[in-house]
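Student: I have a model open on my screen and would like to talk it through with you. Shall we take it one question at a time?

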Amino acid sequence: MSKSISGFSKLSKSKKIDWIVNTYFSNSEAAKRILKQYWNTDEKIQQLHDEFIENTISNYYLPLGVAPNFSINGKLYTIPMVIEESSVVAAASKAAKFWLDRGGFKTTVVSTTKIGQVHFMFHGDPNKLQTFFKQVKPKLIGDTKAITKNMESRGGGIIDIVLRNKTQEIPGYYQLHASFETLDAMGANFINSCLEQFAETFKREALLFDSFSEDEKNIQIVMSILSNYVPECLVRAEVSCKVEDLQEGKVSGEAFAQKFVQAVNIAEIEPYRAVTHNKGIMNGIDAVVLATGNDFRAIEACVHAYASRKGRYASLTHAKIENGIFTFWIEIPLALGTVGGLTGLHPLVKLALELLHHPSAKELMQVVAVAGLAQNFAALRSLTTTGIQQGHMKMHLMNILNQFEASEDEKLNLTKHFENHTVSHSAVVEALKVLRANK
Ligand code: MEV
């Protein structure tokens, strides 16, 4: 039976593990062994990981793979991807190769503006609040100078602050809605520090504003926080080629392009399909976001809100055939950083960024958007031609073999066997049984 504990975070790592294994595991020694198996033998690296979060007891590995041959605006990239799903890296690599021979990916960053808000309550005359805001705005910006100095010297900082009246939705509710340029930083700390300073200045100055009544002077700050919804922090990635250049095997370029566009159109209007379609895009995006030490939860939250911005959840990618040219593109908001956070701490993140030629945040936005577009291309290509299972099950074969602890010989043998047999869980189990029986 589990029990509660107080002061857990203050225990040493080994005491924490003792408590966990003795409380929750029938075989406490085996549980302890597994946890320790994943500790890094380099104590410094282990300590680094221990200190990323609270109560670390072990490390949780995910594979870091690479997808080579991505041509982006004429420059070649090998893209690092952290992901557990077996077919994702292979699909990315295939799509990269396909487009390498057809002009590669073209990308542009539309804007990098980020957003933060101070949410507050004011029960009084909105006109007086507007006058107060106009008067106090230079002070709001001035009081953050210590925070913004460095960012400004590099060309970033606060872009603007506007007062938003939201009293139609919630009586008394207003916002200071601020926009920021945070350059190569994801900027969460910078934005939140600015916002907290805005809130302090705003509240303080309201007390001194003569036109306010005593009640009006008492502005209630609810919270100050960046928004992960950054619809203006937008990047576009695109591939295009002559329709006839899409010809593969027996399928004509025209037939392929038309079916492909149909598949995208379905995801534009049908939310059940759009969610899966976008999930496939996020297979590529999350994998690069993770590999480069960025916050995939922020990216996910934003992307799906963006996909619903017109009132219905829809595809993030679009496709058309015009004058014999097939064009397939994505426009997606991505707030990414290549400095700060994990980027300077995690050795594998540093390595991933070096692999990407030390990108600026703008360059990383382009690489990540390409990874999403490539992933979607690969998925739709399979779905509209052979179906997805053929490729998926081939990739899944190794997982099934590992599950049954197949030896290297058995793996070799069965990989060969399934080159021309259909992979299914039962077929693999059966083939392994036969192989073992004949030994
Ligand atoms: C699987 O992880 C992703 C796909 O379902 C995406 C899609 O259907 O477009 C293959």
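**Talking through the model**

Tutor: Happy to! Let's begin with Q366: at 13% relative accessibility, this residue counts as buried. Keep in mind that the model is a predicted one.

Student: In which helix does Q366 lie, and which side chain does a polar contact join to that of Q366?

Tutor: Q366 lies in helix α13. Its side chain makes a polar contact of 2.6 Å, and the partner is the side chain of T107.

Student: Is A335 buried or exposed?

Tutor: A335 lies in the loop between β10 (325-333) and α12 (347-355). Buried means under 20% relative accessible area. The value for A335 is 14%, so A335 is buried.

Student: What distance separates the C-alpha atoms of A335 and A431?

Tutor: Along the chain, A335 and A431 are 96 residues apart. In space, their C-alpha atoms are separated by 48 Å.

Student: Now the ligand, please. Which residues are around the ligand?

Tutor: A good place to look is the space taken by the ligand, which is the second largest pocket. The elements that give two or more residues to the shell there are α10 (271-291) and α13 (361-383). The residues around the ligand are E85, R273, T276, H277, K279, G280, N283, A379, L383 and I388.

Student: Which element gives the largest share of the shell around the ligand?

Tutor: By type, the shell residues divide into three nonpolar, four polar and three charged. Six residues of the shell come from one element, and that largest share belongs to α10.

Student: How far is a polar side-chain atom of N283 from an oxygen atom of the ligand, and what percentage of the ligand's area does the protein bury?

Tutor: Let me set two other side chains beside it: an N or O atom of R273 is 2.7 Å from a ligand oxygen, and for K279 the distance is 2.7 Å. For N283, a polar side-chain atom lies 2.9 Å from an oxygen atom of the ligand. Taken alone the ligand exposes 300 Å², and the protein buries 85% of that.

Student: To finish, how many helices and strands does the protein have, and what percentage of its residues count as buried?

Tutor: The C-alpha atoms fill a box of roughly 95 × 70 × 40 Å, taken along the principal axes. The secondary structure comes to 16 helices and 10 strands. Of the 439 residues, the portion that counts as buried is 45%.

Definitions and conventions: Residues are numbered from 1 along each chain as its sequence is written. This is a predicted model: local features need pLDDT of at least 70, side-chain atom pairs count only at pLDDT 80 or more; totals for chains, interfaces and linings use all residues. Side-chain values use heavy atoms; hydrogens and water are left out. A residue is near a molecule or strand if one of its heavy atoms lies within 4 Å of it. A polar contact is a pair of N or O atoms within 3.5 Å; within protein, one must be able to donate a hydrogen and the other to accept it, and residues adjacent in sequence count only if both atoms are side-chain atoms. Accessible areas come from the Shrake-Rupley method with a 1.4 Å probe; for residues, only the protein chains shown count as cover. On a 1 Å grid over the protein atoms alone, a cavity is a set of points where a 1.4 Å probe fits but cannot get out, and a pocket is an open set with protein on both sides within 12 Å along at least five of seven lines; lining residues have an atom within 4 Å of a point. A molecule sits in a cavity or pocket if more than half of its atoms lie within 2 Å of its grid points. Helices (H or I, at least four residues) and strands (E, at least two) are DSSP runs, numbered from the N terminus. Ala, Val, Leu, Ile, Met, Phe, Trp, Tyr, Cys and Pro count as nonpolar, Asp, Glu, Lys and Arg as charged, and the others, Gly among them, as polar. Buried means under 20% relative accessible area, exposed over 50%, partly exposed in between (1.4 Å probe, protein chains only).
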